[in-house]
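Student: I have a structure open and would like to learn how to read its features one at a time. Could we begin with a single helix and work outwards from there?

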Amino acid sequence: MSDAEVLFAVLRQSAADASATAMERLVREGTDLALNRINALDFAAANRLNEEQAIGAFLHAARLGIFDLSWNVLCPGCGGVPGANATLKSVHHEEYHCALCAAGYEPTLDEMIEVSFTANPRIRKIAAHTPHELPIWDYFRQVFWSSGIDVPTDSFETLIEEVTLDSVELPPGEKAILSLTLPSDFVIVFEPVTHAAQFIDVQGEPTKERQQLSLIYSKAPTPTGATITLRPGPLRLSLDNQADVRVLPSVFIAADALHHLIGKRKPFLTAKRMLTNQTFRDVFKADNLNIDQRLKITSLTFLFTDLKGSTALYERVGDLAAFDLVRAHFHALLEIISSEKGAVVKTIGDAVMATFIRPEHAIVAGLRMRAAMDALNAKRGTRDLVVKIGIHEGPCLAVMLNERQDYFGQTVNIAARVQSLSTSQEIHITGPINDAPAVAAILRREAITPIQKQAALRGIADKIVVYEIP
């Protein structure tokens, strides 16, 4: 058997068979383009697979070395990748700069860091493994642009012709001269390898006199943002590559065609979703954050649970019976969290802290947890298992605490305190959860009317509005 056959046989022991089969078919039959920076959500949709199962299969495949996992920092404006990283530990929280958009962005895990997968060279060698050999437009598609760009493949070449005045491949140490005719449009001379750009505001009366512009490329960061003004007409563009790598300067017309080329977006696997995936937390424990990293998440949903009266339970039924009950309660909760697209951050005594990418996943998980406790109690003919649940959504920081990827911030504090409001099987949620349209639809479907009230939370200065789910 080949290495690939052996690895896919092993993959089937931990991943859904449909996902593993689709992956093996992709590795054998897919184009080089299809095997580079694979968008896991795209892959799931194209093969009619469950998204969570597909993501889990990619993670197990990456652990086996079938695919290489990459954390790519994206520019939200153009969809370019100013930073590609083999591990999340390499992503820093300082500003990343996009030369093409002349803008800087502090990365957040929500929509600015994508997780993609590329075929490992020992499984199949593809063109993207040697990016310095890619033709110019393949370099843009496979290295500069992210998997979230919905490139119009059927009209790609036509659009490139519309948006480009000229382009050139310039080896290290070489020079070139381009003779152009500038239109009455904004023009960008963009170089994707060194991430350098020169903006040209073309305006005024056309001229027949040849204009001059010289650009030098080096490995040093190039200041971006300055705009020069030229007139429509001939331009002699001198290019000097002083970098130790090949550069690919391209002259773009910044008009509607360029926006059409890079303006369409499609869903992609975000870093936030990856960190809120139980398979990732189980399989890639070492590929989390460094101790001094702090990465922002603009919105994450937290669910806290606690087992009411566990001390009294141990006294009432004895250690052995109570241990079995608590273990059954944990088993039910953890299975529900995972199945509702959540992940367990940690357990503390009889309590659970979990995260979800969307509020509706958390509310469904909370309702299922409550039903699961009722089922366990009914099975024993008691009311021993009563779980208090609190849910809140908001911004936070992803950090490392006690050698574990964790979360920090007021959102986490509020979620924990809201859970403590419960005295029985009711669930307490905050305004952001209650106001989410998908949550409201779920509660209407279940014929549940939230009860609004004011609550004072320990450590929180002002009272907040909370909603009891009876």
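Tutor: Keep in mind that this is a predicted model. Start with helix H2, residues 17-29, whose 13 residues reach 18 Å from the first C-alpha to the last, close to the 18 Å expected at 1.5 Å a residue.

Student: Which residues of H2 are buried, and what do they pack against?

Tutor: The general idea is that an α-helix has 3.6 residues a turn, so residues three or four places apart point the same way. In this helix the buried residues are Ser19, Ala20, Ala22, Met23, Glu24, Leu26 and Val27. They pack against three helices and a strand, namely H1 (3-11), H3 (40-46), H4 (51-64) and E1 (67-73).

Student: How many aromatic pairs are there, and how should I read the geometry of one of them?

Tutor: Ring centres within 6.5 Å make a pair, and planes over 60 degrees apart count as edge-to-face; the count here comes to 15 aromatic pairs. Take phenylalanine 43 and phenylalanine 58, whose ring centres are 5.0 Å apart with the planes at 70 degrees, so this pair is edge-to-face. Because phenylalanine 43 belongs to helix H3 and phenylalanine 58 to helix H4, the pair ties together parts that are 15 residues apart in sequence.

Student: Are these two phenylalanines buried or exposed?

Tutor: Phenylalanine 43 is buried, at a relative accessible area of 6%, and phenylalanine 58 is buried too, at 0%. For another geometry, look at phenylalanine 140 and tryptophan 145, an aromatic pair that is tilted, with 5.5 Å from centre to centre and 50 degrees between the planes. Phenylalanine 140 counts as buried at 1% relative accessibility, and tryptophan 145 is buried with a relative accessible area of 4%.

Student: Which residues do ring pairs link into a cluster, and what lies over the face of phenylalanine 156?

Tutor: The cluster linked by ring pairs consists of Trp137, Phe140, Phe144, Trp145, Phe156, Phe190 and Phe252. Over the face of phenylalanine 156 lies arginine 141, at 4.6 Å from the ring centre.

Student: Which residues touch the most other members of the largest nonpolar core?

Tutor: In soluble globular proteins, nonpolar side chains tend to be buried together. The largest nonpolar core here has 62 residues, and Trp71, Phe117 and Tyr407 touch the most other members. Helix H4 gives the most to this core, with 8 residues. Apart from this core lies another, of 34 residues, including Leu303, Ile389, Ile427 and Val439.

Technical notes:
Residues numbered from 1 in each chain as written. Predicted model: local features only at pLDDT ≥ 70, side-chain atom pairs only at ≥ 80, totals over all residues. Heavy atoms only, no water. Helix = DSSP H or I, 4+ residues; strand = E, 2+ residues; numbered from the N terminus. Expected span 1.5 Å × (residues − 1). Buried < 20%, exposed > 50% of the residue type's maximum accessible area, 1.4 Å probe, protein only. Contact = heavy atoms within 4.5 Å. Phe/Tyr/Trp six-rings, centres within 6.5 Å; stacked < 30°, edge-to-face > 60°. Lys NZ or Arg CZ within 6 Å of the ring centre and 35° of its normal. Core = buried A, V, L, I, M, F, W, Y, C linked by side-chain atoms within 4.5 Å.
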